[in-house]
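Visitor: Please give me a close look at one part of this model: its cavities, and the residues around them.

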Amino acid sequence: MPLLARTILTPLYIDVRRGAVADLATILVDGRISAGGDVAVVVGPGQGGQIAELIRPSLRSADVFTVAGGSLDAADDLGAKLRNRSYDAVVGIGGGKTIDVAKYAATRRGLPLVTVATALANDGIASPVASLVNDGIKGSYGVHIPIAVIVDLDFVEAGPERHNRAGIGDVLSNISALADWELARQVRGEPVDGLAASLARMGAEAVLAHRGDMGDDAFVTVLAEALISTGLAMAACGTSRPASGGCHEIMHAIDALYPDTASHGELAGLGALFCTFLRGDERRFAELSACLARHGLPRLPADVGLTDEQFVEAVQFAPATRPDRYTILEHLAMSPTETRERLADYADAFRDDLG
């Protein structure tokens with residue numbers, strides 16, 4: 001993916017709590033964002049419209065745009081609409097696809113962005129990356145990070161539980177991605193940004209160690225903060241390295257070969273667990289496996305509807321999705337036969353606790 005804009009600037013406002021949306025209108029007319037409420041509000045087909053209606057009475061000069069899907073065409077179309085009027089900022093309200101469309105359009109128009117997340121499915125809440133589909137293929141595009149990030153736990157709770165749980169897998173994959181980054185430093189001399197690595201590791205370790213679940217406000221807050229800090233980690237070093245290694249190569253390969261198999265976070269967690277096994281890190285493997293199981297996230301190809309042969313094909317294709325990356329997959333350079341053998345060993349490693 002292209003080099004991202006390097007910055008260590010954090011959003012001027014981060015709010016993760018119940019009832020956070022109630023203060024959204026006040027935040028938007030803060031003199032640092034918009035003195036008169038001249039903002040473009042971007043919503044998707046889900047809860048975004050409900051939030052937009054809540055703030056509309058206080059932002060009479062705001063325009064609301066509805067976007068469908070997370071495509072480059074949708075983002076370009078939104079960007080064209082934003083040219084019809086002078087806005088102080090763009091507000092993206094919804095899940096990952098809606099926020100990514102808003103991030104891309106706002107960046108191309110040079111407008112600051114406020115994100116209001118209604119789901120915790122991935123680390124795109126505050127990241128400098130927009131994942132958009134172009135000609136049937138999902139690509140990553142460098143964008144500016146938001147100037148404010150709001151997560152209202154009431155709206156998160158009202159969303160699909162499986163969708164929110166996927167964010168756990170995405171955060172946990174940081175642990176594998178960071179191990180791949182360190183491997184690249186040892187083998188290829190690739191520099192590792194300590195600040196970025198710390199931000200990404202901090203959130204992952206917090207989620208890994210927390211014994212709560214999605215019904216626990218304390219855990220959901222930790223998860224939201226971890227997803228936000230992961231985005232800031234990528235912004236700090238100017239690449240997705242702190243959160244994307246062999247785990248995401250496998251995820252992108254599955255997306256390309258078998259679209260709509262599972263969500264981003266579910267596949268990232270599965271890829272991270274397999275890569276950790278390949279790395280031979282038994283302690284981390286046990287920790288990640290137990291955490292994924294505790295939260296009902298996939299650990300085997302069959303858990304996401306893939307056969308072993310399909311997963312082998314994805315692992316073989318994975319390095320081609322990020323040719324510039326050096327991960328455990330490139331390091332081992334396994335043949336199809338070797339991948340099948342390692343996958344069989346992988347399943348055996350936790351067959352007992354699977355019953």
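Guide: For sorting a lining by class, Ala, Val, Leu, Ile, Met, Phe, Trp, Tyr, Cys and Pro count as nonpolar, Asp, Glu, Lys and Arg as charged, and the others, Gly among them, as polar. This is a predicted model, in which local features need pLDDT of at least 70 and side-chain atom pairs count only at pLDDT 80 or more, while totals for chains, interfaces and linings use all residues. Residues are numbered from 1 along each chain as its sequence is written, and side-chain values use heavy atoms, without hydrogens and water.

Searching the whole structure turns up two cavities of 30 Å³ or more (sets of points on a 1 Å grid over the protein atoms alone where a 1.4 Å probe fits but cannot get out, with lining residues having an atom within 4 Å of a point). The largest cavity holds about 70 Å³ of space, taken as what is filled by probe spheres set on points joined across faces, edges and corners.

Around the largest cavity you will find G95, G96, I99, D100, A117, A119, L120, A121, N122, G124 and I125. Helix α4, residues 96-109, contributes the most to this lining, with three residues (a helix is a DSSP run of H or I, at least four residues). By class, the lining of the largest cavity has six nonpolar residues, four polar and one charged; the charged one is D100.

Now for the second largest cavity, whose volume is about 40 Å³. V41, A52, I55, R56, L59, A62 and V64 line the second largest cavity. Six of its lining residues are nonpolar, none is polar and one is charged, namely R56.

Notes
1 Å grid on protein atoms, 1.4 Å probe; cavity = no way out; pocket = protein on both sides within 12 Å on 5 of 7 lines; lining within 4 Å. Helix = DSSP H or I, 4+ residues; strand = E, 2+ residues; numbered from the N terminus.
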